[in-house]
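Trainee: I should like to request a close look at a single part of this model. Please begin with one residue, and then follow the connections outward.

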Amino acid sequence: MSAVNDTKFSSVVFLLTGIPGMENVHIWISIPFCLIYLISILGNSVILFIIKTDSSLHEPMYIFLSMLAITDLSLSISTIPTILGIYLFNSGRISLNACFAQLFFVHSLSKMESSVLLLMAFDRFIAICNPLRYTSILTLPRIAKMGLVAVLRSVAVILPLPILLTRFRYCRDNVLSHSYCLHQDVMKAACSDISVNSIYGLFVKVFTVGLDSFLIFLSYVMIVKTVLSVASRRECLRALNTCVSHLCAVVLFYISDIGLALIHRFGNSSTHLLQIILGYVYLLVPPLMNPIVYSVKSKHLRERIIRAFVK
(Lines give C-alpha, C1' and ligand atoms only; values in the text may rest on other atoms or scores of the structure.)
Protein backbone atom coordinates (compact mmCIF):
# COMPACT_ATOMS: atom_id res chain seq x y z
CA MET A 1 0.00 0.00 0.00
CA SER A 2 2.81 2.41 0.83
CA ALA A 3 4.42 1.72 -2.55
CA VAL A 4 1.16 2.65 -4.25
CA ASN A 5 0.98 5.86 -2.23
CA ASP A 6 4.58 6.77 -3.06
CA THR A 7 3.88 6.24 -6.76
CA LYS A 8 0.67 8.22 -6.50
CA PHE A 9 2.33 11.27 -4.96
CA SER A 10 5.51 11.22 -7.03
CA SER A 11 3.64 11.07 -10.34
CA VAL A 12 1.03 13.77 -9.69
CA VAL A 13 1.67 17.06 -11.48
CA PHE A 14 -0.60 20.10 -11.47
CA LEU A 15 -0.89 22.47 -14.43
CA LEU A 16 -1.14 26.13 -13.50
CA THR A 17 -2.87 28.44 -15.96
CA GLY A 18 -2.68 32.08 -16.99
CA ILE A 19 -5.47 34.16 -18.50
CA PRO A 20 -7.54 31.84 -20.74
CA GLY A 21 -7.56 32.59 -24.45
CA MET A 22 -4.50 34.85 -24.27
CA GLU A 23 -1.74 32.26 -24.57
CA ASN A 24 -0.34 33.91 -27.72
CA VAL A 25 0.40 37.18 -25.90
CA HIS A 26 1.87 35.73 -22.69
CA ILE A 27 5.17 37.51 -23.27
CA TRP A 28 3.41 40.89 -23.42
CA ILE A 29 1.29 40.12 -20.36
CA SER A 30 4.50 39.32 -18.48
CA ILE A 31 5.64 42.97 -18.76
CA PRO A 32 3.06 44.45 -16.33
CA PHE A 33 3.55 41.47 -14.00
CA CYS A 34 7.31 42.07 -13.96
CA LEU A 35 6.75 45.77 -13.26
CA ILE A 36 4.30 44.98 -10.44
CA TYR A 37 6.75 42.58 -8.81
CA LEU A 38 9.64 45.01 -9.24
CA ILE A 39 7.72 47.93 -7.70
CA SER A 40 6.36 45.72 -4.89
CA ILE A 41 9.76 44.34 -3.92
CA LEU A 42 11.54 47.70 -4.22
CA GLY A 43 8.77 49.59 -2.41
CA ASN A 44 8.55 47.25 0.55
CA SER A 45 12.34 46.93 0.74
CA VAL A 46 12.70 50.73 0.85
CA ILE A 47 10.09 50.93 3.63
CA LEU A 48 12.00 48.33 5.66
CA PHE A 49 15.36 50.01 5.03
CA ILE A 50 14.13 53.48 6.04
CA ILE A 51 12.41 52.25 9.20
CA LYS A 52 15.44 50.17 10.22
CA THR A 53 18.04 52.90 9.67
CA ASP A 54 16.08 55.89 11.02
CA SER A 55 15.76 55.77 14.81
CA SER A 56 13.01 58.41 14.78
CA LEU A 57 10.77 55.82 13.05
CA HIS A 58 11.23 53.21 15.75
CA GLU A 59 7.69 53.82 16.97
CA PRO A 60 4.79 51.32 17.23
CA MET A 61 3.02 52.55 14.08
CA TYR A 62 6.13 52.15 11.94
CA ILE A 63 7.09 48.83 13.54
CA PHE A 64 3.67 47.48 12.55
CA LEU A 65 4.20 48.95 9.08
CA SER A 66 7.51 47.08 8.82
CA MET A 67 5.65 43.86 9.74
CA LEU A 68 3.20 44.57 6.91
CA ALA A 69 6.09 45.22 4.50
CA ILE A 70 7.81 41.94 5.45
CA THR A 71 4.55 40.05 4.89
CA ASP A 72 3.92 41.72 1.52
CA LEU A 73 7.51 41.11 0.44
CA SER A 74 7.29 37.42 1.36
CA LEU A 75 3.91 37.08 -0.37
CA SER A 76 5.34 38.51 -3.60
CA ILE A 77 8.40 36.24 -3.49
CA SER A 78 6.25 33.14 -2.87
CA THR A 79 4.35 33.55 -6.16
CA ILE A 80 7.05 34.96 -8.47
CA PRO A 81 8.36 31.56 -9.72
CA THR A 82 5.01 30.23 -10.94
CA ILE A 83 3.36 33.41 -12.27
CA LEU A 84 6.39 34.63 -14.21
CA GLY A 85 7.21 31.04 -15.19
CA ILE A 86 3.87 30.80 -16.99
CA TYR A 87 4.03 34.15 -18.81
CA LEU A 88 7.75 34.23 -19.60
CA PHE A 89 8.56 30.56 -20.22
CA ASN A 90 5.15 28.87 -20.72
CA SER A 91 6.08 26.62 -17.81
CA GLY A 92 2.91 25.84 -15.86
CA ARG A 93 3.79 22.40 -14.46
CA ILE A 94 4.28 22.09 -10.70
CA SER A 95 4.80 18.96 -8.63
CA LEU A 96 2.46 17.95 -5.83
CA ASN A 97 4.91 18.74 -3.02
CA ALA A 98 5.89 22.11 -4.53
CA CYS A 99 2.22 23.00 -4.93
CA PHE A 100 1.47 22.10 -1.30
CA ALA A 101 4.45 24.17 -0.14
CA GLN A 102 3.35 27.17 -2.17
CA LEU A 103 -0.26 27.07 -0.97
CA PHE A 104 0.98 26.83 2.63
CA PHE A 105 3.07 29.98 2.24
CA VAL A 106 0.40 31.87 0.28
CA HIS A 107 -2.36 31.13 2.79
CA SER A 108 -0.25 31.55 5.94
CA LEU A 109 1.19 34.88 4.72
CA SER A 110 -2.30 36.03 3.76
CA LYS A 111 -3.56 35.25 7.28
CA MET A 112 -0.46 36.97 8.66
CA GLU A 113 -1.36 40.10 6.68
CA SER A 114 -4.86 40.01 8.15
CA SER A 115 -3.35 39.76 11.66
CA VAL A 116 -0.98 42.69 11.03
CA LEU A 117 -3.85 44.85 9.75
CA LEU A 118 -5.70 44.07 12.99
CA LEU A 119 -2.63 45.06 15.05
CA MET A 120 -2.39 48.31 13.09
CA ALA A 121 -6.06 49.01 13.82
CA PHE A 122 -5.34 48.41 17.52
CA ASP A 123 -2.43 50.85 17.26
CA ARG A 124 -4.71 53.57 15.82
CA PHE A 125 -7.38 52.79 18.43
CA ILE A 126 -4.93 53.29 21.32
CA ALA A 127 -3.35 56.38 19.72
CA ILE A 128 -6.71 58.16 19.31
CA CYS A 129 -8.85 56.79 22.13
CA ASN A 130 -6.20 56.52 24.85
CA PRO A 131 -3.24 58.70 23.76
CA LEU A 132 -1.84 59.28 27.25
CA ARG A 133 -1.19 55.55 27.71
CA TYR A 134 -0.04 54.91 24.11
CA THR A 135 3.67 54.45 24.87
CA SER A 136 3.03 52.49 28.06
CA ILE A 137 0.66 50.04 26.34
CA LEU A 138 2.55 49.54 23.06
CA THR A 139 6.02 48.81 24.39
CA LEU A 140 8.60 47.03 22.21
CA PRO A 141 8.41 43.71 24.15
CA ARG A 142 4.61 43.74 23.91
CA ILE A 143 4.72 44.51 20.17
CA ALA A 144 7.18 41.61 19.67
CA LYS A 145 4.81 39.26 21.53
CA MET A 146 1.85 40.45 19.46
CA GLY A 147 3.82 39.82 16.26
CA LEU A 148 4.84 36.35 17.45
CA VAL A 149 1.24 35.45 18.28
CA ALA A 150 0.17 36.63 14.79
CA VAL A 151 2.79 34.38 13.16
CA LEU A 152 1.96 31.36 15.33
CA ARG A 153 -1.78 31.73 14.71
CA SER A 154 -1.27 31.95 10.94
CA VAL A 155 0.98 28.86 10.83
CA ALA A 156 -1.20 26.86 13.24
CA VAL A 157 -4.45 27.33 11.30
CA ILE A 158 -2.91 26.82 7.83
CA LEU A 159 -0.57 23.87 8.51
CA PRO A 160 -3.44 21.31 8.54
CA LEU A 161 -4.47 22.29 4.99
CA PRO A 162 -1.57 20.67 3.06
CA ILE A 163 -1.63 17.75 5.54
CA LEU A 164 -5.33 17.15 4.79
CA LEU A 165 -4.65 17.39 1.05
CA THR A 166 -2.11 14.53 1.25
CA ARG A 167 -4.98 12.14 2.11
CA PHE A 168 -6.52 12.49 -1.33
CA ARG A 169 -6.07 10.71 -4.63
CA TYR A 170 -5.69 13.01 -7.63
CA CYS A 171 -7.01 11.21 -10.67
CA ARG A 172 -8.82 14.02 -12.46
CA ASP A 173 -7.58 16.56 -14.97
CA ASN A 174 -5.24 18.44 -12.62
CA VAL A 175 -5.57 21.83 -14.31
CA LEU A 176 -5.80 24.60 -11.72
CA SER A 177 -7.59 27.88 -12.35
CA HIS A 178 -4.83 30.18 -11.08
CA SER A 179 -1.14 30.84 -11.77
CA TYR A 180 -0.32 29.68 -8.25
CA CYS A 181 -1.64 27.02 -5.86
CA LEU A 182 -4.61 27.73 -3.61
CA HIS A 183 -6.18 25.23 -1.21
CA GLN A 184 -9.72 25.73 -2.53
CA ASP A 185 -8.44 25.16 -6.07
CA VAL A 186 -6.29 22.09 -5.36
CA MET A 187 -8.91 20.26 -3.28
CA LYS A 188 -11.37 20.41 -6.19
CA ALA A 189 -8.88 18.39 -8.26
CA ALA A 190 -9.16 15.46 -5.85
CA CYS A 191 -11.41 12.50 -6.65
CA SER A 192 -12.22 11.94 -2.98
CA ASP A 193 -14.65 13.33 -0.43
CA ILE A 194 -13.45 16.90 0.28
CA SER A 195 -16.11 17.80 2.87
CA VAL A 196 -13.59 17.90 5.76
CA ASN A 197 -11.32 20.28 3.83
CA SER A 198 -14.27 22.43 2.81
CA ILE A 199 -15.56 22.74 6.39
CA TYR A 200 -12.11 23.37 7.85
CA GLY A 201 -11.36 25.95 5.14
CA LEU A 202 -14.57 27.78 6.06
CA PHE A 203 -13.58 27.65 9.75
CA VAL A 204 -10.15 29.11 8.98
CA LYS A 205 -11.68 31.94 6.93
CA VAL A 206 -14.18 32.84 9.67
CA PHE A 207 -11.62 32.50 12.50
CA THR A 208 -9.01 34.66 10.78
CA VAL A 209 -10.36 37.01 8.12
CA GLY A 210 -13.89 37.12 9.55
CA LEU A 211 -12.81 37.72 13.14
CA ASP A 212 -10.06 40.20 12.21
CA SER A 213 -12.31 42.27 9.94
CA PHE A 214 -15.02 42.38 12.64
CA LEU A 215 -12.53 43.57 15.28
CA ILE A 216 -11.13 46.18 12.88
CA PHE A 217 -14.68 47.40 12.28
CA LEU A 218 -15.30 47.65 16.04
CA SER A 219 -12.05 49.57 16.54
CA TYR A 220 -13.07 52.13 13.94
CA VAL A 221 -16.52 52.48 15.47
CA MET A 222 -14.79 53.40 18.74
CA ILE A 223 -12.35 55.70 16.90
CA VAL A 224 -15.16 57.58 15.13
CA LYS A 225 -17.10 57.85 18.38
CA THR A 226 -14.05 59.34 20.13
CA VAL A 227 -13.19 61.68 17.24
CA LEU A 228 -16.75 63.05 17.01
CA SER A 229 -16.62 63.95 20.68
CA VAL A 230 -13.65 66.25 20.01
CA ALA A 231 -14.72 69.89 19.96
CA SER A 232 -12.21 71.11 17.37
CA ARG A 233 -13.02 70.21 13.76
CA ARG A 234 -9.34 70.57 12.84
CA GLU A 235 -8.32 68.06 15.53
CA CYS A 236 -11.08 65.74 14.35
CA LEU A 237 -9.81 65.77 10.75
CA ARG A 238 -6.19 65.41 11.87
CA ALA A 239 -7.03 62.31 13.91
CA LEU A 240 -9.00 60.71 11.05
CA ASN A 241 -6.21 61.53 8.57
CA THR A 242 -3.83 59.25 10.49
CA CYS A 243 -6.18 56.34 9.71
CA VAL A 244 -6.53 56.87 5.94
CA SER A 245 -3.51 54.76 4.95
CA HIS A 246 -4.62 51.87 7.14
CA LEU A 247 -8.20 52.04 5.84
CA CYS A 248 -6.90 51.86 2.24
CA ALA A 249 -4.83 48.77 3.11
CA VAL A 250 -7.84 47.17 4.84
CA VAL A 251 -10.18 47.79 1.90
CA LEU A 252 -7.66 46.50 -0.67
CA PHE A 253 -6.99 43.31 1.27
CA TYR A 254 -10.38 42.28 2.60
CA ILE A 255 -12.48 43.00 -0.50
CA SER A 256 -10.24 40.84 -2.72
CA ASP A 257 -9.79 38.12 -0.06
CA ILE A 258 -13.48 37.75 0.81
CA GLY A 259 -14.54 38.15 -2.84
CA LEU A 260 -12.18 35.38 -4.01
CA ALA A 261 -13.35 33.06 -1.20
CA LEU A 262 -17.02 33.62 -2.10
CA ILE A 263 -16.45 33.01 -5.82
CA HIS A 264 -14.53 29.79 -5.15
CA ARG A 265 -17.29 28.53 -2.83
CA PHE A 266 -20.40 29.67 -4.73
CA GLY A 267 -19.24 30.61 -8.24
CA ASN A 268 -19.82 28.74 -11.49
CA SER A 269 -18.21 28.59 -14.92
CA SER A 270 -19.55 32.05 -15.84
CA THR A 271 -17.50 33.64 -13.05
CA HIS A 272 -14.23 31.93 -14.05
CA LEU A 273 -12.61 35.07 -15.53
CA LEU A 274 -13.66 37.15 -12.52
CA GLN A 275 -12.15 34.47 -10.28
CA ILE A 276 -8.82 34.71 -12.13
CA ILE A 277 -8.78 38.53 -11.99
CA LEU A 278 -9.65 38.56 -8.27
CA GLY A 279 -6.91 35.98 -7.71
CA TYR A 280 -4.33 38.38 -9.15
CA VAL A 281 -5.78 41.37 -7.27
CA TYR A 282 -5.72 39.38 -4.02
CA LEU A 283 -2.00 38.58 -4.29
CA LEU A 284 -0.50 41.43 -6.31
CA VAL A 285 -2.35 44.65 -5.48
CA PRO A 286 -1.86 44.91 -1.66
CA PRO A 287 1.96 44.41 -1.83
CA LEU A 288 2.07 46.94 -4.69
CA MET A 289 -0.17 49.62 -3.19
CA ASN A 290 0.62 49.45 0.54
CA PRO A 291 4.11 51.04 0.32
CA ILE A 292 2.84 53.64 -2.13
CA VAL A 293 -0.15 54.62 0.01
CA TYR A 294 1.85 54.78 3.25
CA SER A 295 4.67 56.74 1.60
CA VAL A 296 2.23 59.30 0.21
CA LYS A 297 0.00 59.67 3.29
CA SER A 298 2.69 59.55 6.01
CA LYS A 299 4.50 62.90 5.91
CA HIS A 300 7.17 61.74 8.35
CA LEU A 301 7.96 58.61 6.32
CA ARG A 302 7.83 60.47 3.01
CA GLU A 303 10.34 63.05 4.24
CA ARG A 304 12.73 60.32 5.41
CA ILE A 305 12.52 58.52 2.05
CA ILE A 306 13.20 61.75 0.13
CA ARG A 307 16.07 62.60 2.46
CA ALA A 308 17.61 59.13 2.01
CA PHE A 309 17.63 59.26 -1.81
CA VAL A 310 18.02 62.98 -2.47
CA LYS A 311 21.19 64.21 -0.79
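**Arginine 153 and the side-chain links**

Mentor: In this predicted model, arginine 153 has a relative accessible area of 18%, so this residue counts as buried, the limit being under 20%. The partner of arginine 153 in a salt bridge is aspartate 212, and the closest N and O atoms of the two are 2.6 Å apart. Since arginine 153 belongs to helix α6 (residues 140-158) and aspartate 212 to helix α9 (residues 195-228), the pair ties together parts that are 59 residues apart in sequence. Aspartate 212 is buried as well, with a relative accessible area of 0%.

This contact is to be read alongside the other salt bridges, for which the count comes to four. Among them is the one between aspartate 54 and arginine 304, whose side chains meet at 2.6 Å, N to O. That pair links distant parts of the chain: aspartate 54 sits in the loop between α2 (26-53) and α3 (60-89), whereas arginine 304 is in helix α13 (residues 299-309), 250 residues apart. Aspartate 54 is buried at a relative accessible area of 17%, and arginine 304 counts as buried at 15%.

Another of the salt bridges joins the side chains of aspartate 123 and arginine 124, with an N to O distance of 2.9 Å. Aspartate 123 is buried, its relative accessible area being 2%. Arginine 124 also counts as buried, at 9% relative accessibility.

Next come the cysteines. One disulfide is counted, and it joins cysteine 99 to cysteine 181 with an S to S distance of 2.0 Å. Because cysteine 99 lies in helix α4 (residues 96-129) and cysteine 181 in the loop between α7 (160-165) and α8 (183-186), the bond ties together parts that are 82 residues apart in sequence. The link is left-handed, with -120° about the S-S bond, and both cysteine 99 and cysteine 181 are buried.

Why does cysteine 34 form no disulfide? The closest cysteine sulfur to that of cysteine 34 is in cysteine 181, and the separation of 20 Å is too far for a bond, given that a disulfide requires sulfur atoms within 2.5 Å. Cysteine 34 is partly exposed, with a relative accessible area of 30%. A similar argument applies to cysteine 129: its sulfur lies 8.9 Å from the closest cysteine sulfur, in cysteine 243, and this is too far for a bond. Cysteine 129 is partly exposed, at a relative accessible area of 26%.

Helix α4, which contains cysteine 99, merits a separate check. Its 34 residues should span 50 Å at 1.5 Å a residue, and the end C-alpha atoms are 49 Å apart, which agrees. Of these 34 residues, 25 are buried, so α4 is largely enclosed by the rest of the structure.

Helix α12 (residues 272-297) can be checked in the same manner. For its 26 residues the span should be 38 Å at 1.5 Å a residue, and the end C-alpha atoms are 36 Å apart, which agrees. Within α12, a kink of about 40° lies at valine 285, shortly before proline 286.

Technical notes
Residues numbered from 1 in each chain as written. Predicted model: local features only at pLDDT ≥ 70, side-chain atom pairs only at ≥ 80, totals over all residues. Heavy atoms only, no water. Helix = DSSP H or I, 4+ residues; strand = E, 2+ residues; numbered from the N terminus. Buried < 20%, exposed > 50% of the residue type's maximum accessible area, 1.4 Å probe, protein only. Expected span 1.5 Å × (residues − 1). Bend = angle between axes of the 7 residues up to and from the residue.
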